[in-house]
Amino acid sequence: MKKLILILSIIAVAACSQQDPEEQIKHLNGYWQIEKVEIEKDSVIEYSLSPFIDYIEINDSVGFRKKLKPKIDGGFIKASNDAEKITARIEDNALMLYYSTPFDEWKEEVLEADEEELVVKNRDNKKYYYQRYKPLLSQDEEETQE
């Protein structure tokens, strides 16, 4: 009986911990900084400071992702004029992001998305962990240093 209760408890926790895809999509827009990439369970690439920031904008399930170079004052420089088109779809209770460029098409599954964190899994089962971008020097810090 104890084993049955334990199994049911684990299933209930797993079901409750899964994010609602409708809620996930609300958190995608904005600036994201790569934190790490999990290639395999025991193989992780950590990024202490990336020279690029991903900007995502999705409205009514359609949008784009663009690479930007952050400036120390909190502004950005376009890394290129290219943008990846994104279409967001909910499939089998998961949020899927379909990307397209003139050269390729691919999809990623959103595993987590909230105000501060974004985790996606690509077609090669690599997990990309992003954190919400915060400028090195904010406007408030700039004013206090003067």
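Biologist: What is the relative accessible area of Ile39?

Modeller: In this predicted model, where residues are numbered from 1 along each chain as its sequence is written, local features need pLDDT (the predictor's confidence in each residue, from 0 to 100) of at least 70 and side-chain atom pairs count only at pLDDT 80 or more, while totals for chains, interfaces and linings use all residues. Side-chain values use heavy atoms, with hydrogens and water left out. Ile39 is found in strand S1, residues 30-40 (strands are DSSP runs of E, at least two residues, and helices runs of H or I, at least four, numbered from the N terminus). Ile39 counts as partly exposed (between buried, under 20% relative accessible area, and exposed, over 50%, with a 1.4 Å probe and protein chains only), its value being 30%.

Biologist: Which residue forms a salt bridge with Asp54?

Modeller: Asp54 is buried at 4% relative accessibility, and it lies in strand S3 (residues 53-59), whereas its partner lies in strand S4 (residues 62-70), so the pair ties together parts that are eleven residues apart in sequence. The partner is likewise buried, at 9%. The closest N and O atoms are 3.9 Å apart (a salt bridge being a side-chain nitrogen of Lys or Arg within 4 Å of a carboxyl oxygen of Asp or Glu), and the residue is Arg65.

Biologist: How far apart are the closest N and O atoms of Glu23 and Lys26?

Modeller: Glu23 and Lys26 are three residues apart in helix H2 (residues 21-26), which means that about one helical turn separates them. Glu23 is partly exposed at 38%, whereas Lys26 is exposed at 59%. Their salt bridge has a closest N and O separation of 3.0 Å.
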